[in-house]
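Welcome! Here is a short tour of one structure, with helix packing and aromatic rings as its main stops. Please keep the viewer open as you read.

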Amino acid sequence: MSPTPAHQARAAQIAADLASLGFALPGTLVQRHVRYGWAGCRCRADPPVLHGPYWQWTRKAGGKTVTRLVPDDQVEDYRHWLDNHRRLRELVAELEDLTLAVADAGAGRQPGQRRAPARRNRQTTA
């Protein structure tokens with residue numbers, strides 16, 4: 001089950017692309033305008049004049065949603081890191097697909113062909 005030279009070349013290119021990514025962050029960057037709870041505030045007027053814009057970075061951490069305010073001077077950095085994370089996920093998925101193609105070729109299966117699940121032998125002890 002040896003990879004072909006083409007598989008090896010593509011894996012090397014993916015590794016080089018991964019190495020060149022730099023910092024990466026998961027999540028979403030959004031611009032928000034907010035309304036506060038103070039009755040006399042301009043954001044409660046008719047028509048309302050909302051506060052902002054504020055940049056927020058939101059992600060999941062430990063099963064919880066975490067949000068952080070991002071200063072205007074850091075927004076481009078966050079955008080770059082978020083783009084890097086998307087690219088990271090694409091490259092990892094491509095490497096997984098490539099590895100599966102190599103494994104399938106070694107097992108004599110066509111790409112994408114599923115194999116039957118393995119059965120476990122259960123042994124009982126007396």
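Let us begin with the aromatic rings: the structure holds four aromatic pairs. The model you are looking at is a predicted one. A pair of aromatic rings is described by the distance of the centres and the angle of the planes. Two of these pairs are set out below.

| Pair | Centre to centre | Angle between planes | Type |
|---|---|---|---|
| F23 and W81 | 6.3 Å | 70° | edge-to-face |
| W57 and Y78 | 5.5 Å | 65° | edge-to-face |

Take F23 and W81: their planes stand at 70°, over the 60 degrees needed, so the pair counts as edge-to-face. This pair links distant parts of the chain, with F23 in the loop between α1 and β1 (28–34) and W81 in helix α2, 58 residues apart. How accessible are the two partners? F23 has 65% relative accessibility and therefore counts as exposed, while W81, at 25%, counts as partly exposed.

The pair of W57 and Y78 also joins distant parts of the chain: W57 belongs to strand β2 (residues 51–61) and Y78 to helix α2, with their positions 21 residues apart. Both W57 and Y78 are buried. Together, F23, W57, Y78 and W81 form one aromatic cluster.

Y78 deserves a further look. This residue of helix α2 has a relative accessible area of 5%, so Y78 is buried. Setting aside its neighbours within four places in sequence, Y78 is in contact with L25, L29, W57, R68 and V70. The C-alpha atoms of Y78 and F23 are separated by 9.6 Å, although the two residues are 55 residues apart along the chain.

Another residue of helix α2 to select is N84. Is N84 buried or exposed? With a relative accessible area of 8%, N84 is buried. Which residues does N84 touch, leaving aside its neighbours within four places in sequence? The contacts are L21, G22, F23 and A24.

Now for the helices. Two packed helices are described by the angle between their axes and the distance between the axes. Here, helix α1 (residues 5–19) and helix α2 (residues 75–106) have axes that come within 10 Å and cross at roughly 160°. An angle over 145 degrees counts as roughly antiparallel, which is why α1 is described that way relative to α2. The crossing in which α1 passes α2 is left-handed. On the α1 side, the contact is made by H7, R10, A11, I14, D17 and L18; on the α2 side, by R87, L88, L91, E94, L95, L98, A101 and V102. By character, the residues of this contact divide into nine nonpolar, one polar and four charged.

Finally, zoom out to the whole chain. The protein chain has two helices and three strands, and from the N terminus on its elements run α-β-β-β-α. How many of the 126 residues count as buried? The share is 17%, and Y78 and N84 are both buried. Among contacts between residues at least 6 apart in sequence, 52% join residues at least 24 apart. The pair of F23 and W81, 58 residues apart, is a good place to see such distant parts of the chain linked.

Key
Residues numbered from 1 in each chain as written. Predicted model: local features only at pLDDT ≥ 70, side-chain atom pairs only at ≥ 80, totals over all residues. Heavy atoms only, no water. Axes fitted to C-alpha atoms, helices over the stretch in contact; angles between N-to-C directions. Helix = DSSP H or I, 4+ residues; strand = E, 2+ residues; numbered from the N terminus. Parallel < 35°, antiparallel > 145°, perpendicular 65-115°, else oblique. Left-handed = near helix turned anticlockwise from the far one by under 90°. Contact = heavy atoms within 4.5 Å. Nonpolar A, V, L, I, M, F, W, Y, C, P; charged D, E, K, R; others polar. Phe/Tyr/Trp six-rings, centres within 6.5 Å; stacked < 30°, edge-to-face > 60°. Buried < 20%, exposed > 50% of the residue type's maximum accessible area, 1.4 Å probe, protein only.
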